[in-house]
Amino acid sequence: MNQSIKVSILCAAYNQENYIGQALDGFVMQKCGFPFEALVHDDVSTDSTASIIREYEAKHPDIIRGIYEKENLYSRGKHMIREILKYAKGEYIAICEGDDYWTDENKLRLQVEYLDSHPDCSICCHAFAQLDSQTGKVTHARILDGDGDISFERVLSNKNTPHTATLLVRRKLMEQQPEFFDIDVTGDYPLKLWMTLNGRFHYIDREMSCYRVMSVGSWSSKLEKDRQRRASRLERRIRFLTELDSFTNGRYSDEINNQLDSFCFKENYLLGKYKEARRSPLFKQQSAAKKAFILFGSVFPGLALKLHDKR
């Protein structure tokens, strides 16, 4: 009798021909005593990304399963991971975007062993490396000094939290995530919050993946170049956190309001609402150069926006 799939890996890719092979190599090298699948989703790439996925699918049909769209979903505001999740069969879900990669062949085995033996844990992660695609510089991120649990409040603050490629979560719980969590369609922030509301978030102090920053085709690089898109993302996150405050019956209102203040300040700054940014309590915490720019923008908003876009 065939064993059921233990882990489904969700991989979203778009125009990442220079990176996708390394991501797929990280999947097929995994050494574990259970079946797993890698669902690799190509969002109508205009380069050779889809062809590379097909090559790996032909070589590793027991692991790689390509999903090839005919129409770009990202441009339609679709939540990519939620779209790929529909095809998953595994008890657990791992996520790795097409420009990131795993560096430890025992990653899945170690994380599955922990979740299997700790049913009160809904999500686990690990240490990771961070590679700057522009400079080639590598840094190493450790969330805690040794194995331990990450609090909901820390996840909410979004400071020094694990990257997407480190996560392993329970599929059934992920599928129960309320619809309003999809308001925030980029990144893994809502997912980590949902999982931590429903169980322990455990950290394994072992580096097992690499997060590639500002790579060609990544959503982070697209956001960096598009002020309006960055502002739109902030607006969605503000709406999401407002809904989350209501959903949790105000239990985390202080922490959520701190986040809302920060996101509202950033949104006003990006949209050229410099007078509103100046009135924010966060204005005093900015660098001297940024405060001077905001003051300048309060008087000459149009010119300030043009200067901002040229940066």
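These legends go with a set of close-up views of a predicted model.

**View 1. Ser8 and the residues around it.**
Here we're looking at Ser8, which sits in strand E1, residues 7-13. Is this serine buried or exposed? Its relative accessibility is 0%, so Ser8 counts as buried. The Ser8 side chain makes a polar contact of 2.5 Å with the side chain of Glu37. That same side chain of Ser8 also gets to the backbone nitrogen of Lys89, at 3.1 Å. Leaving out residues up to four places away in sequence, Ser8 touches Glu37, Ala88, Lys89, Gly90, Tyr92, Ile93 and Ala94.

**View 2. The hairpin of E6 and E7.**
Strand E6 covers residues 121-132 and strand E7 covers residues 138-141; the two pair in the antiparallel sense over 4 bridges. To find your way across the pair, start at Gln130, which stands opposite Thr139 in E7. Between the strands of this hairpin there are 5 residues. Which residue takes a positive phi here? Gly136 does, with phi near 80°.

**View 3. Arg206 and Asp104, a salt bridge across the sequence.**
Arg206 pairs up with Asp104 in a salt bridge, and their closest N and O atoms are 2.9 Å apart. Arg206 belongs to strand E10 (residues 200-213), while Asp104 is in the loop between strand E5 (101-102) and helix H4 (107-117), so the pair ties together parts that are 102 residues apart in sequence. As for accessibility, Arg206 is partly exposed at 35% relative accessible area. Asp104 has a relative accessibility of 10%, so it counts as buried.

**View 4. Arg142 and Asp205, another salt bridge.**
The side chains of Arg142 and Asp205 meet in a salt bridge of 2.5 Å, N to O. Again, distant parts of the chain are linked: Arg142 is in the loop between E7 and strand E8 (148-149), Asp205 is in strand E10, and the two are 63 residues apart. Arg142 comes out as partly exposed, with 46% relative accessibility. Asp205 is partly exposed too, with a relative accessible area of 25%.

**View 5. Lys86 with Glu83, and a salt-bridge network.**
How many salt bridges does the structure hold? The count is 15. One to zoom in on joins the side chains of Lys86 and Glu83, at 3.1 Å from N to O. Lys86 has a relative accessible area of 61%, so this lysine is exposed. Its partner Glu83, in contrast, is buried, with a relative accessible area of 16%. Elsewhere, salt bridges link Lys6, Glu91 and Asp116 into a network. As a general point, side chains of opposite charge can pair when their charged atoms come close.

**View 6. A nonpolar patch on the surface.**
Which residues form the nonpolar patch in this view? They are Val299, Phe300, Leu303 and Leu307, and together they have about 370 Å² of accessible area. Leu307 lies in helix H13, residues 301-310. With a relative accessibility of 37%, Leu307 counts as partly exposed, because that class runs between 20% and 50%.

Notes: Residues numbered from 1 in each chain as written. Predicted model: local features only at pLDDT ≥ 70, side-chain atom pairs only at ≥ 80, totals over all residues. Heavy atoms only, no water. Buried < 20%, exposed > 50% of the residue type's maximum accessible area, 1.4 Å probe, protein only. Polar contact = N/O pair within 3.5 Å; in protein donor to acceptor, adjacent residues only side chain to side chain. Contact = heavy atoms within 4.5 Å. Patch = residues over 30% accessible without salt bridge, like charges linked within 9 Å, V, L, I, M, F, W, Y side chains within 5 Å. Areas by Shrake-Rupley, 256 points an atom, 1.4 Å probe, with all protein chains shown as cover. Salt bridge = Lys/Arg side-chain N within 4 Å of Asp/Glu carboxyl O. Pairing = 2+ DSSP bridges.
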